[in-house]
Amino acid sequence: MSGHLLLAGGGPVIPNFGKPNECLKHNGWFCTYWIHKHWHDILQPALIQHIQLTVIAVGIGFVISFLLAIIGYRFRILDGPIGVLTDFAYTIPSIAFFLLLVPLTGVTVTTVEVALVAFTLFIFYRNIVVGLRSVPPEVLESARGMGMTRGQTFWRVELPLARPAIFAGLRIATVATISIATVAAFLIQDGLGAPIFDAIGTPDLFHTELLTAGGLAVLLALTADFLLAGLQRAVTPWTRTR
Amino acid sequence: MIVAALFTDAFGFIPAHISLLLEKTWQTAELAFTALAIALVLSMPLGLWLGHRHKGLGFALGASTVGRALPVIVVIGVLIAVLGVGFWSNTVALVIIGIPPTLTNAYLAVDGVDRDVVEAARGMGLTERQILSGVELPLGLPLLLAGIRLSAVFVIATATIAGLAGGGGLGDIIANQVTYGLAGTLAAAMFVAALSLLTAALLALIQRVAYRRTAPRA
C-alpha cells in the first residue's frame, strides 16, 4: 500500500520518532521535544547541505548567465536564441529535469546541481540583459566623450548602472532555488528536502518533521531575500532617494 | 554506452505504452488546468483591481516572494496531512502555487499602464470599470499573459509532484519505478517536459499576438 508514497532514497521507514512522548504519540505539529533531540543530527546538517546546494547553484548559474548576457548584449542577434534556450530549461519541471539527467550524470549531487543551475539561467540572463540595456544612450555617449575604452565603459559605467536589475534577478533566483532544491531529495538524501520527504513517507505523515524542515526552507528563503535586499540597497545608493 | 541504452529503452517504452502515457498525461493536464482556472478566477480580479487603484504594491510583490519561497512538496505535504490524499489536497495545493505569479503580474500590468492614457480616458467620461476593461486591461495584456504563463508552468510542475504523492497522472509512473522501470520513468519525465513546454509555447504565442496588437508603433 506504500506504492503511492514518495520514494525518497532509502530513508528509514519510521524515521526519527525517538522515545515515545505525548506530543509525538498524537503526531503533533510542533513537538519541541523532537526538534531539540534531532536538531543536531537531522535538521542542522540538512540546513547546511541546503545552503551549500543553493550557493553552488546560484554561483555557477550567475557566472554562466553573466557570460551569456555579455554575448547577448554585444551581439543582439544572439539574444533571441539564448533567451529561448534559457526559457526552455526554466520551463521543464524540475522533477522531469532531474530524471532526464540521470542517464548522463547518475543519481548524484551533480545531477541536482546541473538542473538547479539550468533553472537559474533564465532568471539571471533576462535580468542582466535588461539591466545593461537600461543604461541611457546619453550616458554611454558621455563615457565615450571622456575617452573611456569599451572595456572601461562596461565595467565602470554599464555594469554599475545595471546593478538594480542584476540584484533583483539574484534575489528571485536565490529564493526560487532554495525552494526548488527541496525536490532534490526525490533523487538524493541531501538538503532540507530529505527530512521533508521522510516525513511525507511515514505511514501517518510525521507532522513535526514536515513543518520544521519545511519551515526552515521557507525561513532560509525569506532570510536570503532580506539579506540580499540589504546588500542591494548598499550597492545601489542612488535608488534610495525615491 | 549505458547512456544511449537508457534513452533507447525510454524511447522503446513510449510506443509500447502510448495509451497509458497519454492517459496519465491527460490526468496531469486535467488536474493542472482545473487548478490554474481556479487560481486565475481568484487572483485576477484582486490583482487587476489593486493595480487599477495603484494600491498594495508591497502586497503584490510580497505575494510573489512568498509564493516563490514556499516549497511545493511542503504545501502538498501539509494539505495531505490536513485533507488526506486525494483530489482536494492536490487541487488546493496547485491553486496555492498558481495564484502568486498571476496576482503579481495582473497588478504590475495594470499599474504600469501610462497614467496619461488613463487620465485621457477618464476625461472622456469613461467609468472606472470601462477604464479597467477597455483601456488598462488591453494595454497590460502582454504582461498579464506572462504571469498566466508562469502560473501554468508552476502548476504543471506541481501537478507532477502531487502525482508522486498519490495524485495520479504522470507522477504515478515516476513514483512507481518498480513497476515501470527506469525506461518508464524517463518516458514519463519526457511527457511532463513536453506538456509544460507545449503549454508555455502556446501561451507565449498568444502573448506575442497580444503584444503586436498593443505595442506602440514606432
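In this predicted model, the largest nonpolar core comprises 124 residues, and those with the most contacts inside it are A:W34, A:V112, A:F186, A:L187, B:L21, B:I76 and B:I161. Helix 5 of chain A gives the most to this core, contributing 14 residues. In soluble globular proteins, nonpolar side chains tend to be buried together. One of the residues named above, B:I161, illustrates the contacts in detail: once residues up to four places away in sequence are set aside, B:I161 touches A:I95 and A:V183 of chain A, together with B:V72, B:I73 and B:I76 of chain B. Apart from the largest core lies another, of six residues, among them B:L48, B:A109, B:L132 and B:L144.

The packing of helices may be followed next, beginning with a pair that brings the two chains into contact. Helix 7 of chain A (residues 150–180) and helix 3 of chain B (residues 57–69) pack at an angle of about 35 degrees, and their axes are 7 Å apart. On the side of chain A, the contact is made by A:I172, A:V175, A:A176 and A:S179 of helix 7, while helix 3 of chain B supplies B:T65, B:R68 and B:A69. Sorted by class, this contact of helix 7 of chain A with helix 3 of chain B has four nonpolar, two polar and one charged residues.

A second pair lies within chain B. Helix 6 (residues 115–123) and helix 7 (residues 128–167) of chain B pack at an angle of about 145 degrees, with 10 Å between their axes. The crossing of helix 6 of chain B past helix 7 of chain B is right-handed. Helix 6 of chain B takes part through B:V117, B:V118, B:A121 and B:R122, and helix 7 of chain B through B:E128, B:I131, B:V135, B:E136 and B:L139. By class, the contact between these two helices has six nonpolar and three charged residues, and no polar ones.

Contact between the chains also appears at A:H207, which is placed in helix 9 (residues 207–235) of chain A. With a relative accessible area of 12%, A:H207 is buried, because the limit for burial is under 20%. Leaving aside neighbours within four places in sequence, A:H207 is in contact with A:N27, A:G28 and A:W29 of chain A, and with B:A81 of chain B.

Charged side chains provide further links. Over all chains, the structure holds 10 salt bridges. In one of them, the side chains of A:D79 and A:R133 meet with an N to O distance of 3.4 Å. A:D79 lies in helix 3 (residues 76–91) of chain A and A:R133 in helix 5 (residues 109–133) of chain A, so the pair ties together parts that are 54 residues apart in sequence. The two partners fall into separate burial classes: A:D79 counts as buried at 12% relative accessibility, whereas A:R133 counts as partly exposed at 27%.

In chain B, the side chains of B:K24 and B:D172 form a salt bridge of 2.9 Å, N to O. This pair links distant parts of the chain, with B:K24 in helix 2 (residues 18–53) and B:D172 in helix 8 (residues 170–175), 148 residues apart. B:K24 counts as buried, at 10% relative accessibility. Another salt bridge of chain B joins B:D111 to B:R115, where the closest N and O atoms are 3.9 Å apart. In chain A, salt bridges that share partners join A:D79, A:R126 and A:R133 into one network.

Key:
Residues numbered from 1 in each chain as written. Chains lettered and ligands numbered in written order. Predicted model: local features only at pLDDT ≥ 70, side-chain atom pairs only at ≥ 80, totals over all residues. Heavy atoms only, no water. Salt bridge = Lys/Arg side-chain N within 4 Å of Asp/Glu carboxyl O. Helix = DSSP H or I, 4+ residues; strand = E, 2+ residues; numbered from the N terminus. Buried < 20%, exposed > 50% of the residue type's maximum accessible area, 1.4 Å probe, protein only. Core = buried A, V, L, I, M, F, W, Y, C linked by side-chain atoms within 4.5 Å. Contact = heavy atoms within 4.5 Å. Axes fitted to C-alpha atoms, helices over the stretch in contact; angles between N-to-C directions. Left-handed = near helix turned anticlockwise from the far one by under 90°. Nonpolar A, V, L, I, M, F, W, Y, C, P; charged D, E, K, R; others polar.
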